[in-house]
Amino acid sequence: MALSPAHSDLSLGFNSHSMLSASIDCFPIRTGSSFLDTPGSVPLQLLEQRSDISSVNSEEEELGSVKEEFSFLGHPVCLKRHRDGHFFPSSNPSKRIAVEPRLESRRAAVRAWGNQTISVADPEIFNIMEKEKQRQLKGIELVASENFVCKAVMEALGSHLTNKYSEGMPGSRNYTGNEYIDQIEFLCLKRALAAFDLDPEKWSVNVQPYSCTSANFAVYTGLLLPGDRIMGLETPSGGHLSHGYYTPSGKNISAASIFFNSLSYKVNPQTGYIDYDRLEEKALDYRPKILICGGSSYPREWDYARFRSIADRCGAVLMCDMAHISGLVAAKECASPFDYCDIVTSTTHKSLRGPRGGIIFYRKGSKLKKQCSHPSQADGSTHYDFEEKINFAVFPSTQGGPHNNHIAALAIALKQVATLEYKAYIQQVKKNAQALASALLRRNCRLVTGGTDNHLLLWDVMTFKITGRYYEKVCEMCHITINKTAIYGVNGAISREGVRIGTPAMTSRGCVESDFEMIAEFLLRAAQITLDVQREHAKQQKNLVKALQQNKDIVELRNCVEMFSSQFALPGLDSCW
Ligand SMILES: Cc1ncc(COP(=O)(O)O)c(C=O)c1O
């Protein structure tokens, strides 16, 4: 009987399993078909042995063996055992000597690197990783989208769960062997709803997206046709590329704008707050199918009720990408998008403090009344139909097998998110942002919107007569990580001289308000150094980095920064440096 290639693969896996390999090599096994004849597979070994087998058989039967015949994948197999139940050892010593060493060395060769640590397996990568650890330990991390995960999350990420393929949804996978992976994903789904206090009758969640960019794209893919319209906050106003972005010359940058049409709304350039009236006007003209709220660098609360009313007026699905503030939402330390939105996406690694990845929450059950009556929702349905569309868009439309190590790590993080300690952490994140903002404002710095309601602030360094690019570089050399960002400057025009500063990461390391006052001092000192450096090296851009490396002020500030940072252990890494 001929076997399909899939069966041939299976026979290879079967015979390469260590237990069975041992018995195959030492004990006679007869097959009643050509199923082990697959060219190039391990079982070829058996065919060589078959001539020996018959002679061994008669000898062994006399010694009190029993012959067991059974069927494996529909093929008759014959196995011999002692009457006491043990497998029958080969009575042909010369054959064993000839075969075993070769098998053992092959086995050893395959297993050679299986248990090596990184330092042994790959010293080059290990050394770079160690340097990165030192960089994280000694520096002040102020990138608003970064954080430090705890040891338990790190353990799950580096675990055996990475070995398993589990395409599909829990309980309905393409491959078998997913009993425990299902349990993990079910737990993660339950915890995701619990972390945001969501009623499982009204909300469901997909925890498989590899990132928030892919989560957002999966939502568009599931709900829209190519070319349909979406509307999100423009990037200089604080929006994210994955909400649709094209350059002023019209070049589409993100897949969201390549496959869908997008038009963005803006903040009021003078106030820095979202201009809801203009947004409404634009949305009613443009009629997006999905209206997106949420962004990457917006320091203020979102008016979700207003977004809801605009979405209803133009018949759009209202989606929030809460990537930056999901930790604050979970801790109930800011307004919740769940009260008004149909779909909520997020990263899992920013303020939420979980592993790197994405998540999609979507409504299910009966629709909000207004949406049923809106003419654009003309299918007349009274129930949300997101579940199937979104799950299908994640897999198989845009992704393959879920990263189970990530899902387990997320489940762990979500368990922590539901604790009082996590609420206290997020409260501290906000207090620290307030402390930093006050310290900068006291020194006449200009903050977009004049302050912050959340975990980040946008600082217009133009008022110091320095550029965001120089400032970011000087800060990096002083071992402070921030990021430059486009903002609306004092004159209402888009300016590149903004920097975004966030507090979640250093709060995870134990910093409180007084520490952030110190951090403000470091930032101001770096601004002064940038001004001096810019004046001195304005014309020699090429040698700037070299000049900065030798700058005494930078060296001095870097030493102070590293001494300061050394007081705060990195979560998950046990120690200070
Ligand atoms: C609002 C928002 N959405 C999506 C993303 C993209 O997340 P990821 O890096 O997981 O794709 C970011 C990342 O900065 C973000 O700020």
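## Helix H12 and the turn that follows

Just after helix H12, Gly 315 adopts a positive phi of about 70 degrees. The structure described here is a predicted model. Helix H12 itself spans residues 304-314, and its buried residues are Tyr 304, Phe 307, Arg 308, Ile 310, Ala 311 and Cys 314. These residues lie on the same side of H12, because the arc they cover around the axis is only 165 degrees. An α-helix has 3.6 residues a turn, so residues three or four places apart point the same way.

The buried residues of H12 pack against three elements: helix H11 (276-286), strand S10 (290-293) and strand S11 (317-321).

## Overall composition

The protein chain contains 22 helices and 18 strands. Of its 577 residues, 40% count as buried. Among contacts between residues at least 6 apart in sequence, 71% join residues at least 24 apart.

## The seven-stranded sheet

An open sheet of seven strands follows the order S7-S13-S12-S11-S10-S8-S9, and its pairing is mixed. Strands S7 and S9 (261-265) form the edges, each pairing on one side only. Direction ignored, neighbouring strands of this sheet are turned by 20 degrees against each other on average. At the S9 edge, strand S8 (residues 229-233) runs parallel to S9 and is joined to it by five bridges. Gly 232 stands opposite Ser 264 in S9.

Within this sheet, strand S12 is largely enclosed by the rest of the structure, since five of its five residues are buried. Ile 343, Thr 345 and Thr 347 point one way from S12, whereas Val 344 and Ser 346 point the other way. Strands S11 and S12 run parallel and are joined by three bridges, with Cys 320 standing opposite Val 344 in S12. Strands S12 and S13 run antiparallel and are joined by five bridges; here the bridge partner of Thr 345 is Ile 360 in S13.

## Helix H15 and its cis peptide bond

Helix H15 lies across S7, strand S12 (343-347) and strand S13 (358-363), and runs at about 160 degrees to S13. Pro 396 is placed in this helix, which covers residues 386-398. The peptide bond joining Phe 395 and Pro 396 is cis, with omega of about 15 degrees.

## The four-stranded sheet

A further open sheet, of four strands, has the order S14-S15-S18-S17 and antiparallel pairing. Strand S14 (446-447) and strand S17 (483-488) stand at its edges; each has a single partner strand, so one side of each is left without a neighbour in the sheet. S14 pairs with strand S15 (residues 456-460) in the antiparallel sense over two bridges. Leu 447 has Trp 459 in S15 as its bridge partner.

Two helices are associated with these strands. Helix H17 (residues 420-442) packs on the sheet and touches S14, S15 and strand S18 (494-502), its direction making about 15 degrees with that of S15. Helix H18 (residues 468-477) lies across S17 and S18 and runs at about 30 degrees to S18.

## Backbone exceptions outside glycine

Most residues other than glycine have a negative phi, and most peptide bonds are trans. Asp 197 departs from this preference, with a positive phi of about 55 degrees although it is not a glycine. Asp 197 is found in the loop between helix H8 (179-195) and strand S7 (203-206). It is partly exposed, with 13 other C-beta atoms within 10 Å.

His 479, also not a glycine, has a positive phi of about 70 degrees. Its position is in the loop between H18 and strand S16 (480-481). His 479 counts as buried because it has 21 C-beta neighbours inside 10 Å, the cut-off being 20 or more.

## Surroundings of the ligand

There are 14 residues around the ligand, and Ser 211, Cys 212, Thr 213, Ser 296 and Ala 323 come nearest. The shell around the ligand consists of two nonpolar, eleven polar and one charged residue.

Methods: Residues numbered from 1 in each chain as written. Predicted model: local features only at pLDDT ≥ 70, side-chain atom pairs only at ≥ 80, totals over all residues. Buried ≥ 20, exposed ≤ 12 C-beta atoms within 10 Å, placed from the backbone. Arc of directions from axis to C-beta. Contact = placed C-beta atoms within 7 Å. Near = placed C-beta within 6 Å. Nonpolar A, V, L, I, M, F, W, Y, C, P; charged D, E, K, R; others polar. Pairing = 2+ DSSP bridges. Axes fitted to C-alpha atoms, helices over the stretch in contact; angles between N-to-C directions.
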